[in-house]
Amino acid sequence: MKFVPENIGFGHITRQKLMEDHMRPFYSRVLGLPPTSFVVVLDGTYVYIQVALTFNLLFNILRRHFHDSHFSKKKSSDHEFQRMTFCGYKKRNLLKPMMVVAPDGYLIAAEGLYFTDHGNNDSTILKEMLLKPDNILSILQPGDATLVDRGFQSVQDEVEGYQLRFFMPALLGKKQSQFTTPQANKSRKVTILRYIVEQANARLKNKFRFFDEKVPASYFSILKDLFLLSCSLLNKFTVNFNKDTDFHEKLVDIIDQRIDRQNLLEQRVIEEKWDARRVIWEDADQDCALGFPELSMEDLKELTLGEYQLNMGNNYNLEHLRADSSYSFHLHKEESNILKVQLRSRYSARTRRVVWIQFKDHVNGVAGIEEWYCKCPVGARTVGCCSHIAAVSTVT
Ligand SMILES: [Zn+2]
């Protein structure tokens, strides 16, 4: 069957064709790369599997079928299979395809399916992929970039050894509870671009519901073929791959303007000990902050740099947050344009968020929001506010 190898895998397309048909200038501009650079996004996704009915025979089928060097070294037993597919993080049994996606959502390759026990994480999988004969290097050239999440941390040296750029969100240091503003801003540039792989995975599972549910053991021998066939069909027949719009132009400008900006409100919170000094705040109910800017959905996207919300057409995270918490509002006694909001989760008394927002009285839209700071890990960033500040801004 030629259909699959003609529509997915590193051998099915050239770098030139990828540059012509599937690259978006938004990516190179946000990352500060020359327009001639290509960018790939990598992510290990999940296929949940049933493990109750596994037999030695099945193990042998899988050993022949799946590409996994760990497999051949191990003894066959139901217990072993159960262990090798158990993902401690998800607390479920699953197999992991490694998705390699272009900036417009086109699926360049889907490698695996890989096991999920300790030896197999995103870093070791990519290391192994780089040693295969037909690998990701066939569609990349020096100066191109890989965009990954934090699980790829220990493969950075290998990737950079091929003169490829490596972009990953920052990791919190051992004693760090919050990213610094420069760290958080730099990370935001990566997460804005990385969402495309999550969108591509969601599209796949949405079109092929089979992969969104627990796959029965009877399908295991053809699982990899089914997965690749589904990816090929999407590549061949999807008409609405993502394109750059005016909004992306705007995002590039906002990022450029704000990337080196300090978080002035954070400095005041720390220096003036705003968190400890209750006396400087007076209670305000929601209606007291009448001068607070009114924000449209468009404004909110600009505030959060919410490409994800824009493209997925929903506002799930904000809705969820709103449903799950109660808010208490306080205004600074001497500066009535500084609002402090505490968010308490109904489900966990210990979960408490505090955000501060400095606004321009009665100035609606994004221009009315001057400064923000939240105590969550990404709350000090000045490139796009965190979801807590966004949620507070919509209910105020
Ligand atoms: Zn936050």
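## A hairpin, a central strand and two cores

In this predicted model, strands β4 and β5 form a hairpin with five residues between them, and G105 takes a positive phi near 100° there. That hairpin is a good place to start, as several other features of the chain can be reached from it.

**The overall picture**

The protein chain has 16 helices and twelve strands. Of its 396 residues, 38% count as buried. If you look at contacts in the chain with a separation of 6 or more, 67% of them link residues 24 or more positions apart.

**Strand β4 and its partners**

How many of the ten residues of β4 are buried? Nine are, so β4 is largely enclosed by the rest of the structure. Strand β4 (92–101) pairs with β1, running antiparallel to it through four bridges. It is also antiparallel to β5, with five bridges joining the two. Strand β2 (residues 47–48) is joined to β4 by two bridges, again antiparallel, and two bridges likewise connect the antiparallel pair of β3 (residues 86–87) and β4. The table gives one bridge from each pairing, in case you would like to find them in the viewer.

| Strand pair | Bridges | One bridged residue pair |
|---|---|---|
| β1 and β4 | four bridges | L42 and V100 |
| β2 and β4 | two bridges | Y48 and L94 |
| β3 and β4 | two bridges | F86 and N93 |
| β4 and β5 | five bridges | K96 and Y114 |

**The cores**

The largest nonpolar core holds 62 residues, and V40, V101, L107 and I108 touch the most other members. Elements that each supply at least two residues of this core include β1 (39–44), β4, β5, α7 (122–131) and α9 (181–207). Helix α9 gives the largest share, seven residues.

V101 is a handy residue to select here. Setting aside its neighbours within four places in sequence, V101 is in contact with V40, V41, Y106, L107, I108, I196, V197 and A200. Another core lies apart from this one; it has 29 residues, among them L265, I357, V378 and I389.

Helix α7 is also worth a look. Its buried residues are D122, I125, L126, E128 and M129. Why do they sit on the same side of α7? They cover an arc of only 160° around the axis, which puts them there.

**Backbone details to check**

Most residues other than glycine have a negative phi, and most peptide bonds are trans. With that in mind, three spots may catch your eye.

A cis peptide bond joins G112 and L113, with omega of about 10°. L113 belongs to strand β5 (residues 107–114), the strand that is joined to β4 by five bridges.

Q163 is not a glycine, yet it has a positive phi of about 60°. This residue is found in the loop between α8 (156–161) and β7 (165–167). Is Q163 buried or exposed? Q163 counts as exposed because it has 11 C-beta neighbours inside 10 Å, and the exposed class takes in residues with 12 or fewer.

H362 also shows a positive phi, near 55°, in a residue other than glycine. The loop between β11 (352–359) and β12 (369–374) is where H362 is placed. With 12 other C-beta atoms within 10 Å, H362 is exposed.

Technical notes: Residues numbered from 1 in each chain as written. Predicted model: local features only at pLDDT ≥ 70, side-chain atom pairs only at ≥ 80, totals over all residues. Buried ≥ 20, exposed ≤ 12 C-beta atoms within 10 Å, placed from the backbone. Core = buried A, V, L, I, M, F, W, Y, C linked by C-beta atoms within 7 Å. Contact = placed C-beta atoms within 7 Å. Arc of directions from axis to C-beta. Pairing = 2+ DSSP bridges.
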